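Me: I'd like a close look at one part of this model, the ligand site and what lies around it. Please keep it brisk.

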Amino acid sequence: MFDVHKDLLGLKDLTAEQINKILDTAKTMKYILQQKNRKTEHLKGKSVVTLFYENSTRTRLSFELAGKYMGAFTSNITSSGSSVAKGETLIDTARTIDVMGTDVIIMRHGMSGAPHLVAKNVKASVINAGDGMNEHPTQALLDLFTMKEKKKNFEGLKVAIVGDILHSRVARSNIWGLTKLGAEVSIGAPLTLLPPEIEKSNINVYSSVQEAVLDADVVMGLRIQTERQKSGLFPSTGEYARFFGIDPKRLTLAKPDALLLHPGPVNRGVELSSAVVDGNSSLIDEQVTNGVAIRMAVLYLYTKGE
Ligand code: CP
């Protein structure tokens, strides 16, 4: 039995065993995706709704494709094209979706904790597709899956996460997942983009990109999230790129076979140079491909409970 809660709200709530079960299931799902006929009936008769209050390309589409490949009915709701725009509350919106017989609600919201609130008010399973600055569990799961495919195990793996840590739900979910699986995590960011209290956590904290990436097995760049920054936390994107951007020279400080990850979308020339995005170390496209397998695994496990 896959002993899960009703909902997937964050990696903070999962054990290493549960994370590994999702990664193992995703391996099977990736195999299915590589077949000529990639249709399965794991979700036949189930209804999956994506409810997105923030924009998305990768997460929303990969959940939709994952549901469709497994035979589910999938529907999409965005805040601008629904009765949310008429003032309907979050809970009323979620309940409306729930009472139509929906099995899974995939939800993205700008407020940290919004999926937790919805989960308490609906019968459907709620999957967090990113809540404010809190967590983005399926992004971290696909990142972990991508690392595991290449590096095999996490024990002692050195992972550097560089960029806008303060606003990054991807960083938070990855830190939970990586530390639970035994990896050594280093973060690098300007002091203005480091969360308060971070020094008390079980990771290495640096205010320079060079120190963070030194000897790393994996370097993960993060997007500068200008939409969440009320005031300038660095002088300009040009200066950010100069001091914190990852370029081929900075990447050579990591191990020679280091992998380069980024959750996307990338601000080319800001957090990553184009040479790095399109370089040999980059796994950005593989991350996107693996995102479908991970979301198939999550939908399967959270609807079957096996
Ligand atoms: N990485 C990620 O969440 O991308 P989207 O915003 O395109 O879904």
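Me: Which residue has a side-chain N or O atom 3.1 Å from a nitrogen atom of the ligand? Take the surroundings from there.

Reply: This is a predicted model, where local features need pLDDT of at least 70 and side-chain atom pairs count only at pLDDT 80 or more, while totals for chains, interfaces and linings use all residues. Residues are numbered from 1 along each chain as its sequence is written, and side-chain values use heavy atoms, with hydrogens and water left out.

The residue is Gln-139: an N or O atom of its side chain sits 3.1 Å from a ligand nitrogen. That is a polar contact (a pair of N or O atoms within 3.5 Å). Thr-59 offers another: a side-chain N or O atom lies 2.6 Å from a ligand oxygen. The backbone takes part too, with a polar atom of Pro-263 at 2.9 Å from a ligand nitrogen. Alone, the ligand has 260 Å² of accessible area, and the protein covers 91% of that (Shrake-Rupley method, 1.4 Å probe).

Now the shell, meaning residues with a heavy atom within 4 Å. Asn-55, Ser-56, Thr-57, Arg-58 and Thr-59 are in it, with Arg-108, His-136, Gln-139, Pro-263 and Gly-264. By class, seven are polar, two charged and one nonpolar; Gly counts as polar and Pro as nonpolar. The ligand lies between domain 1 (11-135 + 289-301) and domain 2 (137-283), because both give residues to the shell. The domain bounds come from an automatic or database assignment.

Gly-264 has one more feature. A cis peptide bond joins Gly-264 to Pro-265, with omega about -5 degrees. Most peptide bonds are trans. Pro-265 is in the loop between β9 (259-261) and α10 (274-277).

Gln-139 also lines a cavity, as do Arg-58 and Pro-263. A cavity here is a set of points on a 1 Å grid, over the protein atoms alone, where a 1.4 Å probe fits but cannot get out; lining residues have an atom within 4 Å of a point. The whole structure has one of 30 Å³ or more. The largest holds about 50 Å³, taken as the space filled by probe spheres set on the points. Ser-62, Leu-142, Gln-287, Val-288, Gly-291 and Arg-295 are also in the lining. Helices α2 (58-69), α5 (137-151) and α11 (284-304) each give two or more residues. Of these, α11 gives the most, four. Helices are DSSP runs (H or I, at least four residues); strands are E runs of at least two. The largest cavity, too, lies between domains 1 and 2, because both give lining residues.

Notes:
On a 1 Å grid over the protein atoms alone, a cavity is a set of points where a 1.4 Å probe fits but cannot get out, and a pocket is an open set with protein on both sides within 12 Å along at least five of seven lines; lining residues have an atom within 4 Å of a point. A polar contact is a pair of N or O atoms within 3.5 Å; within protein, one must be able to donate a hydrogen and the other to accept it, and residues adjacent in sequence count only if both atoms are side-chain atoms.
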